Amino acid sequence: MQYQTNTLEHHWMPFTANRDFKAEPRLVVHGKGINYTDHNGNKVIDGASGLFCCAAGHGRQEIADAVAKQLMEIDYSPHFQIGSPPSFELARRVAALTPDDINHVFFTNSGSESIDTALKIAMAYHSARGQGHRTKFVSRERAYHGVNIGGTSLSGLMKNREIFGSVMPGVVHMRHTWSPDARFTRGQPEQGADLADDLERFAQLLGGQNIAACFVEPIAGSTGCLVPPKGYLERLRDICDTYGILLVFDEVICGFGR
Ligand SMILES: Cc1ncc(COP(=O)(O)O)c(C=O)c1O
């Protein structure tokens, strides 16, 4: 099948050089198991599982059947002041998988929405406890937290934030944990836990009582897989506990077996 520039023009694609793509499109028209088929009929291995979200494989009959069955039972119901049983059942199952004291699930439509929601939950939590003065957020260089305003402000990837970075005030960035010495390390690097002390320095500089939350990807994804140094996350946990700062793990890429 032929796809010409003018048939592709109306879709404005994110994170894509649109003119180049449309001059020489790479389109997938079919997916089965670990394979895509492109519009020229070539089979390609989908080594990234879509955008990491098709880990169960493409074109699975049992998934298609379950979706079709649910669509015919109840396709949608609002979830303001009214509910539908499957979302409660899903929340129960997710809570059974998460660690003991994480038992409440707030559903969102994307990772970006999750991050901006987590920012708002952190603000609302402190406000409800009479600590609305906690307005600062700590993130990290090289972080990716999605495309919305909050996530863009937390972002530590220069290209993603250079023209939007100042939108949300009060965000500071710790140093990233990449180090040339750790390049060929299997698992967690031995060195680098002390980088977590950047959070302590921000607590000293800004007042720990003014910091609402610290956001990190436990294993950074979009910047290239950065496994945390041994003791690094534990150190962040300790500093957060000392100052009453919420520690938010963004596991959009690395959670649930992705
Ligand atoms: C760590 C992290 N946070 C947030 C997001 C944003 O997720 P989404 O693309 O679903 O908005 C991503 C996406 O890759 C991510 O890797």
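Tutor: Domain bounds come from an automatic or database domain assignment. Here the chain splits into domain 1 (5-69), domain 2 (76-107) and domain 3 (110-249). Keep in mind that this is a predicted model, where local features need pLDDT of at least 70 and side-chain atom pairs pLDDT 80 or more, while totals for chains, interfaces and linings use all residues. Residues are numbered from 1 along each chain as its sequence is written, and side-chain values use heavy atoms, with hydrogens and water left out.

Student: Okay, how many Å separate the centres of domain 1 and domain 2?

Tutor: Taken over C-alpha atoms, those two centres are 29 Å apart.

Student: Now the ligand. Which residues surround it?

Tutor: A residue counts as near if one of its heavy atoms lies within 4 Å. Around this ligand you'll find Phe52, Ser110, Gly111, Ser112, Tyr144, His145, Gly146, Glu217, Ser222, Asp250, Val252 and Ile253.

Student: And how does that shell divide by class?

Tutor: Asp, Glu, Lys and Arg are charged; Ala, Val, Leu, Ile, Met, Phe, Trp, Tyr, Cys and Pro are nonpolar; the others, Gly among them, are polar. The shell has four nonpolar, six polar and two charged residues.

Student: Where should I look for N or O atoms of the protein facing an oxygen atom of the ligand?

Tutor: For polar contacts with the ligand, look for pairs of N or O atoms within 3.5 Å. Try glycine 111, where a backbone N or O atom sits 2.8 Å from a ligand oxygen. In serine 112, a side-chain N or O atom is 2.6 Å from an oxygen of the ligand.

Student: What about a nitrogen atom of the ligand?

Tutor: Go to aspartate 250: one of its side-chain N or O atoms lies 2.6 Å from a ligand nitrogen.

Student: So is the ligand mostly buried or exposed?

Tutor: Accessible areas use the Shrake-Rupley method with a 1.4 Å probe. Alone, this ligand exposes 390 Å², and the protein buries 81% of that.

Technical notes
A polar contact is a pair of N or O atoms within 3.5 Å; within protein, one must be able to donate a hydrogen and the other to accept it, and residues adjacent in sequence count only if both atoms are side-chain atoms.
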